[in-house]
Amino acid sequence: MHTWRIGAVTVTKIVELEVTGGTRFILPHATRDTCLAMSWMRPHFMDDDGRLKMSVHALVLETPSRRILVDTCLGNEKQGRAVPHWNDRHGPFLGDLAIAGFPRESIDTVVCTHLHVDHVGWNTMLVDGTWRPTFPNARYLLAAPELAYWRDQRDVAEQRTVFADSVQPVLDAGLVDVVATTHRVCDEVALTPTLGHTPGHISVRISSDGEEALISGDFLHHPCQMARPDWAAAVDYDREISTRTRREVFATLAGTATLLIGTHFAGASAGHVVRVGESYQLVS
Ligand SMILES: [Zn+2]
């Protein structure tokens, strides 16, 4: 289990799954040969054969006043997902969350960086054939432009299914607060817009006692995009905007003490941004 301390805030990573290879459908430019030259990515983010490692995980933020879950991964027993092994899962995520000290009833805030399938899954769980909120005592914070966009995507089959089983039930339960992309959650935690991957995508900034961290969400999927900010993900809604966002955020973070915690970074999952010539690297 990975934990980080940012001032008075503790961040704990709860892994749902890690994979090596098979990432070309997300990052089509990231061939093995090209990535092998980025030796700094070994061993956490790439194996010796140039295959990329990625993770689907949630992050629990314990602040003096709140217990916040950032992104809710894939979930169990979901159907209609385009990636075959994301269907009908029976993983131990909720048990792992409880073992780490966070039974689901104790979560008071859920933040979804965006409403893609691998970030909303555990918003709900199947109870007697009905999708119920997994975190009944939480406020679910959804950014207004993100919710508005996906509400309108009724003709995209997978997203329609995802919205119906993982977003609509928490709306129906009255647990959603629709918030601005700059919403302040508490003294130490605020949302910040990092657009391009989706129309209302946000990252999560932590500031406490002079220490800073940024939880990425999917404005980048893998550290190789620090070396190549122009390697947009195949699933980026607007690749020009997502590339601009990556360049801007990396330039802002480079050389600072801000810890970048990657939402899909495997292994160490976090590090500091260092500028190398015209590009960037992650030093973990
Ligand atoms: Zn994702």
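**Close-up 1. Strands 14 and 15 side by side in the predicted model.** Here strand 14 (residues 259-261) meets strand 15 (residues 270-276) through 2 bridges, and the two run antiparallel. To find your way around, start at Leu-260: its bridge partner in strand 15 is Gly-271.

**Close-up 2. Helix 8 on the sheet.** Step back a little and helix 8 (residues 239-253) comes into view, lying across strand 13 (211-215), strand 14, strand 15 and strand 16. Against strand 16, the helix runs at about 60°.

**Close-up 3. The sheet in full, 7 strands of it.** This one is an open sheet with mixed pairing, and the strand order reads 10-11-12-13-14-15-16. Strand 10 and strand 16 (279-283) sit at the edges, each pairing on one side only. From one strand to the next, the twist averages 30°.

**Close-up 4. The hairpin of strands 10 and 11.** Just 2 residues separate the two strands of this hairpin. Strand 10 (residues 184-186) runs antiparallel to strand 11, with 2 bridges joining them. Look for Arg-184, whose bridge partner in strand 11 is Ala-190.

**Close-up 5. Strand 11 and its pairing with strand 12.** Strand 12 (residues 202-208) pairs with strand 11 in the antiparallel sense, this time over 5 bridges. Leu-191 has Val-204 of strand 12 as its bridge partner. Why is strand 11 largely enclosed by the rest of the structure? Because 4 of its 5 residues (the strand spans residues 189-193) are buried, that is, under 20% relative accessible area.

Methods: Residues are numbered from 1 along each chain as its sequence is written. This is a predicted model: local features need pLDDT of at least 70, side-chain atom pairs count only at pLDDT 80 or more; totals for chains, interfaces and linings use all residues. Side-chain values use heavy atoms; hydrogens and water are left out. Buried means under 20% relative accessible area, exposed over 50%, partly exposed in between (1.4 Å probe, protein chains only). Two strands pair if DSSP finds at least two bridges between them. Axes are lines fitted to C-alpha atoms, for helices over the stretch in contact, and angles run from 0 to 180 degrees between N-to-C directions. Contact means heavy atoms within 4.5 Å.
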